[in-house]
Structure formats: structure tokens, C-alpha cells
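Subject: Handover of a structure and its findings

Dear colleague,

Please find the structure enclosed here for your use. I would be grateful if you could read the notes below alongside it.

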Amino acid sequence: MPDRALHVRGVVLPDDEVRDLWLDGDRVTYEPVAGAVTVAEGGFVLPGLVDAHCHIGIAPSGRPITGLDEARALAVPDREAGVLAIRDAGSPYPYPELDDEPGLPRLARAGRHLAPPRRYLRDIAVEVGGDELRAAVAEQARAGNGWVKLVGDWIDRDAGDLAPTWDSADLVGAVEAAHAAGVRAAVHTFSESAVEIMVRAGVDSVEHGTGLSVDLVDEMARRGTALVPTMINIDTFGGIAERAAERFPGYAKHMLALRDGFPEVVRAAYQAGVPIYVGTDAGGGIDHGLAAQEMLLLHERAGMSTLDVLAAGSWGARAWLGFPGLVEGGLADLVVYDTDPRVDLRVLRTPRRIVLRGRVVR
């Protein structure tokens, strides 16, 4: 598509009004632009979808990527599914050059994961002791563009089960260091103990959060702490448990219990008013381009309304990450569907038109 202004007409969500949108470069305007090319007429128009927990710096094998072209290739299935903004929740490979690349989704990035020695996936995290954690947070804050990623728990092989990765004081200090550096902190947690420490420490987003309790979801709602459930990821816990059962039977049993109870955890968080956003954990063992599947799971298993699911994966998530939607002066990212996704979320799998940064990509 040549570099000309574009015109789109349809039912624009969430306002539920038939509108004409003009995309003048990378900006939305409601004022007609002379010479604009009409690229979509009719249907339902959403601000670009979001995957708020994604890793284009981790290859499908689980190893770090080795170059920018590999990151680009991993982002393409997301873009083709209508995901036009990604929060990369930790990358072992730095790629700030891709933040503004025209053909790729917009990026909110953490630096590398932070974890203790030998307590996370090999070659993925910067491994530091508790006494080095504050300094490491400050360094990774500079490496990202607004986020740091903490690994709050992992299997403790000596204990044979999940356990916090550092002591409480160090975890609290890590959140303080992130905020002092002017960035937000996201934390990976599966266990009950680590998520309680991190929520009360003031972490900005809980990733996965299988160990949340009713009391904690109320506290998250009070603080405005976000939850990114990654329900697709939690479905893999059966395989994790099977591989671990012989050496770590207690851990295996715990992982299965967390998996089985998770839909009710997310439902409780939703009912308490916790901000929930769509994230797939794509990277490693999870394929890219599955945001629509995650949205269906949030509706079917956790009882979120279709409108709230759409907010969690579109305009609400974009606002949370700082990417304005289809407002006057907003960013020119949109997806058009033939039928109303509020009636049937399955239409999210088949976008008719995708426009990213004011250019048609599909």
C-alpha cells in the first residue's frame, strides 16, 4: 500500500458507533483527509489487539534468538493474527532497534529476566544473588523501555517444590528499585508464597498468578495491580508435572493442583475488579499468534464478558501499555472483522483487514 492516507468506515468499538476514521500517517483523525484510500467499509473495527506477555527474543526451542531477523520472524504470526502491540516480558537478546520498525507490532519491553543462579531456564535470565538484585534491576530497567521482569519463584530442587527465588526483603527491594528507576515491575509467579510477597510489595503486574488467593485478589484490586493469566501456558502444567513426577512428586502434584484451580482463581480476580490483560506467553513452548485463543479461554473458563475480554486484549491493554486507541490523534492500528466479536469471540481468529502504523498489512 502506498504512503497515502487511509479511510475506514464501520462500527468502532468500544464506542459502538458507526464512524469514519482517517489514518493520516500513523495517526487517527475524525476529520476527512483529501485523497484518502478506502480500505475497509462495513464490519466491526477494533484498536489493534495486544499480547501483553510474549517473548520474541526466545526461539521455539527455548534458546535465546541469535539476531534481529529471528525476532522479526517470530513477531509475524502475532501481527498476522491482528496483534499490533506486544509487551515482551523478558528477552535474552536485546533488540531496541525494533521498537519503531514499520512492519512490526509496537513493543513494550522488559530487559532480560532476573533470577538467582540455577533457578530458571538455562541461558534466559541474568542470574544474580540477592545482594546484587537492586543493581541488576536498575541495569535491566535501562535495557528495556518501561518494564523489568522478575522471576519470583521456581522449583527449589532441595525442597522438591516451588519456592520464592530470593528472600522477602530482596524481592521487596527489587520492586522498589524498579520504581526508583522509573519503570514498572512484572513478576513471574506460580506459587502461593511468592505471589503474596510480590503483591504486598507493590509489583505492577502478576504474570500467571496461579497461587493467588481470594484475599490477595482483593488486595490487587485495591492497589490496581494487573494480572496477566496466560491460561494457554497454564494448560502445559500437565506435561511439566509428568516430566517431574519421578524426581519431584510433591512439585508435580502441586503443579496439577494449581492448573486445576486456575480458572476459579482468574474468575475470582475478575469478580474482584482486578485489571486483567491478555497474554499468551508465546516463546519457547508456546506458539505465537494465539491471542484470540487466550481471549476465548478467558471468556469460557473464567467467565469474563465478551466486552471485558475485548478490552483486555485491545483498547484496555493498549491504554495500560501506553499505546492510544482509535481516538482523535491516536495510533493508526486497527483490525476489522465481518461480524460482531461481542456476540461471538471466535471471529477474532479471522480478521478481514489489519492496519498497522497507518499501513495495510493484511
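The notes below begin with the whole chain and then turn to individual elements and residues.

**Overall description**

Please bear in mind that this is a predicted model. The protein contains 11 helices and 17 strands. Its C-alpha trace extends over about 65 × 40 × 35 Å along the principal axes. The radius of gyration is 20 Å, which agrees with the value near 21 Å for a compact globule of 362 residues.

Of the 362 residues, 57% count as buried. Among contacts with a separation of 6 or more, 66% are between residues 24 or more positions apart. The exposed area of the protein is about 14,200 Å², and carbon and sulfur atoms supply 49% of it. As for charge, there are 37 positive and 53 negative charges, and the mean positions of the two sets lie 2 Å apart.

**The seven-stranded sheet**

An open sheet is built from 7 strands in the order E3-E2-E1-E4-E15-E16-E17, with mixed pairing. Strand E3 (27-29) and strand E17 (359-360) are at the edges; each has a single partner strand, so one side of each has no neighbour in the sheet.

Within this sheet, strand E1 (residues 6-12) pairs with strand E4 (residues 37-47) in the parallel sense, over 6 bridges. One of the positions involved is His 7, whose bridge partner in E4 is Thr 38.

Antiparallel pairing is found further along the order. Strand E15 (residues 334-337) is joined to strand E16 (residues 353-356) by 3 bridges, and these two strands run antiparallel. Here Val 336 has Arg 353 of E16 as its bridge partner. E16 is in turn joined to E17 by 2 bridges, again running antiparallel, and Leu 356 stands opposite Arg 359 in E17. E16 and E17 form a hairpin with 2 residues between them, and Arg 357 in its turn has a positive phi of about 55 degrees.

**Helix H9 and its surroundings**

Helix H9 (residues 291-300) is largely enclosed by the rest of the structure, because 7 of its 10 residues are buried. The buried residues are Ala 291, Ala 292, Glu 294, Met 295, Leu 296, Leu 297 and Leu 298; you may wish to note that the list includes Glu 294. They pack against strand E5 (49-54), strand E6 (83-88), helix H6 (231-234), helix H8 (249-272) and H10.

Of these partners, E5 is itself mostly covered, with 6 of its 6 residues buried. E5 and E6 run parallel and are joined by 4 bridges; Cys 54 stands opposite Asp 88 in E6.

**Ser 314**

Where is Ser 314 placed? The residue lies in the loop between helix H10 (306-313) and helix H11 (315-321). Ser 314 is buried, with a relative accessible area of 0%. Apart from its neighbours within four places in sequence, Ser 314 is in contact with Leu 46, Pro 47, Gly 48, Leu 49 and Val 50.

**Backbone geometry**

Most residues other than glycine have a negative phi, and most peptide bonds are trans. The following positions are listed with that in mind.

- Leu 13 and Pro 14 are joined by a cis peptide bond, with omega of about 10 degrees. Pro 14 is placed in the loop between E1 and strand E2 (17-24).
- Asp 16 has a positive phi, near 60 degrees, and is not a glycine. Asp 16 also belongs to the loop between E1 and E2. With a relative accessibility of 43%, Asp 16 counts as partly exposed, because that class lies between the 20% limit for buried and the 50% limit for exposed.
- Thr 230 is likewise not a glycine, and its phi is positive at about 50 degrees. The residue is in the loop between strand E14 (226-228) and H6. Is Thr 230 buried or exposed? Thr 230 is buried, with a relative accessible area of 0%.

The loop between E1 and E2 thus contains both Pro 14 and Asp 16.

With kind regards

Technical notes: Residues numbered from 1 in each chain as written. Predicted model: local features only at pLDDT ≥ 70, side-chain atom pairs only at ≥ 80, totals over all residues. Heavy atoms only, no water. Pairing = 2+ DSSP bridges. Rg over C-alpha atoms; globule rule 2.2 N^0.38 Å. Buried < 20%, exposed > 50% of the residue type's maximum accessible area, 1.4 Å probe, protein only. Contact = heavy atoms within 4.5 Å. Areas by Shrake-Rupley, 256 points an atom, 1.4 Å probe, with all protein chains shown as cover. Lys, Arg positive; Asp, Glu negative; His and termini not counted. Charge placed at Lys NZ, Arg CZ, Asp CG, Glu CD.
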